[in-house]
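Work through the exercises below with the sequence and the model side by side. Try each task before reading its solution.

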Amino acid sequence: MKQSIYYSFLLLAVMLLLMPSCGHHPAIPAESQETHALPAIFPDYCNVTVPCNIAPLNFMLPADLYEECVARFTTPDGQQQSYGEGPKVQIPEEEWHTMLNAAKGKQIKVEVWGKQKGEWMAFAPFEIRVAEHPIDEYLSYRLIEPSYIVYNEMEIAQRNLTTFEESQIFNNKVSSDDPKGQCINCHSYQNYKTDNMLFHARVTRGGTVIVSDGQPTKVDLKRDNTISAGVYPAWHPKAKLIAFSTNLTHQVFQMTNPDKVEVFDTASDLILYDVATDSVTIISNDPDLLEVFPTWSPDGEYLYYCKSVPISEELRDKDITATYQKVQYNIYRRPFELASHSFGDEQLVYDAASANKSATLPRVSPDGRFLLFAEGQYGCFHIWHHDADIVCVPLTADEQGVRVGDTSSRLDLTRLNSEGFAESYPTWSSNGHWMMCASRRGDGNFSRVYISYFNNGKAEKAFLLPQEDPEQNTFRLKSYNRPEFMVEPVSITVDEFSKVFF
């Protein structure tokens, strides 16, 4: 009797262990109605090219239309596996990476079935192409409410792109006595690594937190000869030098304009900060023009930046809130000599204003061949501008040897950009094969991370940052601000960072 009870419990335990597994790999519907349309999955991962080390591309069918979803994945070696529970498809990380390894340099075939009002529909199959090039293992971003009016809860977070692991780098509460907390922003890294990095903390106990060889300190970058502390940063790739813009920034909150927030400068200059000597020198401080968003060439021999074009005296005398839509920026650069920390003459690199446009946030590709930036009708802060797109141009040498970008040689980035939504904060992966930007596509309110494969001048269809639960992309009411690639995580804890403020 006791033996019989024992075996009964053993059988029950085995069944309980098997039940999740059976539900995890559902059967393919025996009967279904075929449709030639692609499935309306969210996120849209149909026919995308992804890194060979990316986290699972979990997706779902619209829950208001479909009760269930089943997807079958077939790798080039003929192996098949099915997934689905309710309207969602969520793939275990280990099984997903096994499929990626089998399809590296090839593609995974995906077939999707959806159950609607008790009947199954079979959608047209699609492919997930798996590039041979990996993506940087980590990504960091600021999570913030999109209005910028309040910042009660704000953090700089880091995400492992090969998994769904996310952790805090810093938050705005731990070092502040103010109920609103600090404002934290502008995280930046030297050569995609985290032993030399920085971020700003403003308001209570404000300052710039600079990590040098893994040791964090807080620095006040405001000096007697600068208009502000350092704002937008760029680490020199070979030395402990950081270029900053200094900015007197204002915001306008608009009730009827679809571009809900306007951010503009009334003054901005460029400075160079020497971490070793805690010294600041002026790079450029034209009193009549605005200079912002510095970035270095990969070899450190040039500093690229944005600079406004002159406006008429009549407009200059008016209130900036009435004229900011007339301000446009071009991209320039200055040669830099590391031994003397000196800069050469300014060189025009990209003339956006000649096409009645404004270019900001430049980034040079790791191989030095391409210039990536955001472009809109006017201004330097395009994250709220519906007309803003990401632009990429080849850098070619002119008669004087200047590496210039031609407005007529823009690469086709239609598969990265969206129609009618703001795209901003573009950047490159460390191997130059992946582009990333913050985009407000979808709802127009929240900026989220989109990634596109870039191979020999061609950009593939952008895909949304994968999440363990595909609905997280909808229900997380935060914007992903200033996404930055990293080749390693930040190892300093939040508590360790907080100590530099006291």
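This is a predicted model, in which local features need pLDDT of at least 70 and side-chain atom pairs count only at pLDDT 80 or more, while totals for chains, interfaces and linings use all residues. Residues are numbered from 1 along each chain as its sequence is written, and side-chain values use heavy atoms, with hydrogens and water left out.

**Exercise 1. Backbone geometry**

Task: find the peptide bond from F42 to P43 and decide whether it is cis or trans.

Solution. Most residues other than glycine have a negative phi, and most peptide bonds are trans. The bond that leads from F42 to P43 is cis, its omega being near -10 degrees. P43 itself sits in the loop between β1 (33-34) and β2 (48-50), where strands are DSSP runs of E with at least two residues and helices are runs of H or I with at least four, both numbered from the N terminus.

Task: locate K117 and N191, and state the sign of phi for K117 and for N191.

Solution. Start with K117, which is not a glycine and yet has a positive phi of about 55 degrees; this residue belongs to the loop between β7 (107-116) and β8 (119-122). K117 is exposed at a relative accessible area of 80%, given that exposed means over 50%, buried under 20% and partly exposed in between, with a 1.4 Å probe and protein chains only. Next, N191 also has a positive phi, near 55 degrees, in the loop between β13 (183-190) and β14 (193-202), and its relative accessibility of 40% makes N191 partly exposed.

**Exercise 2. A helix with two faces**

Task: which residues of helix α2 are buried, and which exposed residues lie on the face turned away from them?

Solution. Helix α2 spans residues 93-103, and its buried residues are W96, M99, L100 and A103. Viewed down the axis of α2, these residues fall within an arc of 100 degrees, so they line one face of the helix; the arc is that of the directions from the helix axis to the C-beta atoms. E94, T98 and N101 are the exposed residues carried by the face turned away from the buried side. The buried residues of α2 are covered by elements including β2, β4 (68-74), β5 (80-83), β7 and β9 (126-130). Just after the helix, G105 takes a positive phi of about 80 degrees.

**Exercise 3. Cores and a buried histidine**

Task: which members of the largest nonpolar core touch the most other members?

Solution. A nonpolar core is a set of buried Ala, Val, Leu, Ile, Met, Phe, Trp, Tyr and Cys residues joined through side-chain atoms within 4.5 Å. The largest one holds 90 residues, of which F73 and L371 touch the most other members. A second, separate core has 21 residues, among them Y138, I144, Y189 and F199.

Task: is H385 buried or exposed, and which residues does H385 contact?

Solution. H385 lies in the loop between β27 (370-376) and β28 (389-394), and H385 is buried, with a relative accessible area of 0%. Leaving aside neighbours within four places in sequence, H385 is in contact (heavy atoms within 4.5 Å) with D259, E262, Y378 and A422.

**Exercise 4. An open sheet**

Task: trace the strand order of the four-stranded open sheet that contains β10.

Solution. The order is β12-β11-β10-β36, with antiparallel pairing; two strands pair if DSSP finds at least two bridges between them. At the edges are β12 (166-171) and β36 (479-486), each of which pairs on one side only. Strand β10 (residues 138-144) is joined to β36 by six bridges, and L139 has F485 of β36 as its bridge partner.

**Exercise 5. Salt bridges**

Task: how many salt bridges does the structure hold, and how far apart in sequence are the parts that E111 and R72 tie together?

Solution. There are 21 salt bridges, each being a side-chain nitrogen of Lys or Arg within 4 Å of a carboxyl oxygen of Asp or Glu. In the pair of E111 and R72, the closest N and O atoms are 3.0 Å apart. E111 lies in strand β7 and R72 in strand β4, so the pair ties together parts that are 39 residues apart in sequence. E111 is buried at a relative accessible area of 15%, whereas R72, at 22%, is partly exposed. Finally, D286, K307, R334 and E346 are linked in a network of salt bridges.
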